[in-house]
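Colleague: I'm new to this, so please take me slowly through a single part of the model: how the chain is tied to itself by sulfur links, and what sits around those ties.

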Amino acid sequence: ACSAPNALVAMSVATVTDRDHDDEASEDLKVCDPADSSDGESVSSSESEDSVHTRQFGLPIISALVVALLAYAAVLSTRHPSKTELKPAWRPGHVEKTCQGVKGAEFRRLASEGTSDGDMEVPPRSLNVHAAKFDPDFLFEVKILDASMPYYGSADVEKDVPNSAEEAILMFHGSGRDAQNYFCSLRKIAEHVMDHRYYRVLLLAPKYHYKVDFQTEGGGNHNDELWWNGSHPFGDWRAGASVDPELGIHANAFQVVDHLLLHLSDITKFPRIKRITLLGHSAGGQTVQRYALVSHLRPEKLVNDWTVADMQSVRQGIHVAYVVANPSTYAYLDSSRWIYDWNNDAFTEPIYAYYKAELGRKGWNAQSHRRRRHRWGFAGFHLEPASPSTPFLCSDETFDNWHYGLNYTNSDLVPYLQRHPHLDRAVRFYALRNVHYLVGQNDTCTDDMMPNGYCDPSCWMRHAKHYCSRTSMDVRCPAMLQGPSRNMRAKLFMKHLQHFFGKPIHRLYEVPDVGHQAENIFMSEQGRR
C-alpha cells in the first residue's frame, strides 16, 4: 500500500503533468506501485540509500508545497477574475443613449432660461429654485444604508462587476444639479484627453437631488432616493451636509463619496483599477476641495501609519487625485483673510492679515435678489469707505465657520465633521493629498459689484446683445474676504496655503482664454495634466 503523502503527490503531479506529458508521467510516477513496495516502506534493492531518504522526507515536503500552490491558485482565480469574466467599463450602448441630444455642461446661459441658486448656499425655500434638468431613465443607483444614491455612469458599479476598468473618474456637478450634462461633458473630456484609452475608464457622475427635482416628469421616488434641502450649512451637499431629516436616514454628501471610493477599491469587483480621480467644476469644485480637506479616508501616503489605523483607506496601490476647478469659495485653514478695495477701475493689491469682525467695514450689501447696478457691492449706497481701523471689505462673525473655514470650536459643524476620527489632523492630511486646482483666466466676473463693471463673455452670458451680467458667484461677506472673483480667489488661496504651511503645496493651473466653462477647462492643455 502507498503512504498517504506519496499518494497525494502522485495525484497532484499527475494532475499537472497528464495534460501534456501522459507518457512521461506513467514512466516517472512509480512511487505508488504496490509491486515495488511492501507496506509502503520497502524499496527495490537497486535503490540507493539517498533515494530512500528522498522518498521518505523529500516527497512529503513537495506534497505540501504542491497542495499549497494549488490552493493559492484557487484563491487567485476567485479574487482576480480571468479576462473573459471581466465586464467592460462602458456598458455597450448605454453612454450613447444617455448622451443622445444632451449638450453637456454649458455656462453661456440666456436670461430666458431662468436662473438657479447658483453657488449661493441658501435655503431653496427662500428662493425660486428651479428643478434640475435630467433624464431619470438612465440613472443607476448605488445602495447606501437603507436608501439609494443616483448617479450617471458608463457602467453599473453594482451589477457590471467584476469590471475591467483600469481607472475611474467621478465628476461632481454644479449648483444646477444637472448631473446628466456633466456626465456627458465628462464623456467628451475622456474621449478628447485619453484618446483610445477612454474605454478603459469608468465614468461616474453622482446626482445630488433637491426635493424639487422629483417634480420633473419621472423624476424619481424621493422615498428611497437620497435628497438634500440646500439649507446653510446643514443641508448643503457641497459642504458635506446630511440628507433631509424627512428621510429619517443618517447619511450625508461626503459619506456618499467615501462609499464610492471604497466600493471602487474592492479588488473582487474592480481588480484592475489603479487610479481614481475626483473632478469638480464650480459648485462641484467646492465639493471636491472640501471633501479632500476633511475626508474620513486616510491619505494614501499614510497607508502604513498605525496612528491612523482607525481610518479606512482605498486599496493599496490605488492613486487618488482631486481636481478643483473654478469654485466660488474654498475652506480656509486659519483666521487670516484678504484686504483689498476697488479703486476707480481696478482692485488694489490684496494684503493677507488676521481678521476680526470689528476690522470690517459696515454696509456691504450681498442680497441675492433685486440687485440693481450702483446700489450694492462697491457701488452700494451704504458701504463705508475703508479706514486704518476698518481695512477689510465687510464685517461678519461667522467668516471662519464651516464651510468657509475650519473652525473646530464652532457648534455648526455638519455631522460628517463631528464624527471625523482625526479632525484635528485634517489640515496635515490635506497637505498629503494629491490636489490640483484649475481656474479660467477669464473667470473674473464680479457679479455687477462695480460701477460700469465688465466681464469677459466666456464668464457667463446674460444676453447675447448685452453685457455679461453675473456668474452666480457667492458674494456673501465670508466669500468676499477670499477675493473679488473666482480667478483671484484661486490665486489667493494658493498664497494662503503657502503662508500656512511655510512652503508651496499642491499646484494651480490657470487656463488661458477660458472663463467659467467646464469642458474648456478640463480639455485644455492644463487640464490634461
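Modeller: Happy to. A disulfide here is a pair of cysteine sulfur atoms within 2.5 Å of each other. Keep in mind that we're looking at a predicted model. By that rule, the count comes to two disulfides.

Let's start with C394 and C477, whose sulfur atoms sit 2.1 Å apart, so by the 2.5 Å rule they form a disulfide. Now look along the S-S bond: the torsion there is about 95 degrees, so this disulfide is right-handed. The link ties together distant parts of the chain, as the two cysteines are 83 residues apart. C394 lies in the loop between β12 (351-354) and α8 (415-418), while C477 belongs to helix α10 (residues 477-480). Buried or exposed? Both C394 and C477 turn out to be buried.

On to the other tie, which joins C99 to C184 with an S to S distance of 2.2 Å. This one is left-handed, with -100 degrees about the S-S bond. Again distant parts of the chain are linked, 85 residues apart: C99 is in the loop between α4 (94-98) and β1 (140-144), and C184 is in helix α5. C99 and C184 are both buried, too.

Helix α5 is a good place to look at the surroundings. In soluble globular proteins, nonpolar side chains tend to be buried together. Here the largest nonpolar core has 125 residues, and W228, L264, L278 and W402 have the most contacts inside it. Helix α5 (residues 179-194) supplies nine residues, the largest share of that core.

Pick L278 and zoom in. Leaving aside neighbours within four places in sequence, its contacts include L170, F172, V257, L261, Y291 and V323. V257 and L261 also turn up where helix α6 meets helix α7, and so does Y291. On the α6 side you'll find F254, V257, D258 and L261, facing T287, R290, Y291 and V294 of α7. That set divides into five nonpolar residues, one polar and two charged.

How do those helices lie? Helix α6 (residues 253-264) and helix α7 (residues 283-294) pack at about 75 degrees, with axes 11 Å apart. Angles of 65 to 115 degrees count as roughly perpendicular, and therefore that's what we call α6 and α7.

Key: Residues numbered from 1 in each chain as written. Predicted model: local features only at pLDDT ≥ 70, side-chain atom pairs only at ≥ 80, totals over all residues. Heavy atoms only, no water. Core = buried A, V, L, I, M, F, W, Y, C linked by side-chain atoms within 4.5 Å. Buried < 20%, exposed > 50% of the residue type's maximum accessible area, 1.4 Å probe, protein only. Helix = DSSP H or I, 4+ residues; strand = E, 2+ residues; numbered from the N terminus. Contact = heavy atoms within 4.5 Å. Axes fitted to C-alpha atoms, helices over the stretch in contact; angles between N-to-C directions. Parallel < 35°, antiparallel > 145°, perpendicular 65-115°, else oblique. Nonpolar A, V, L, I, M, F, W, Y, C, P; charged D, E, K, R; others polar.
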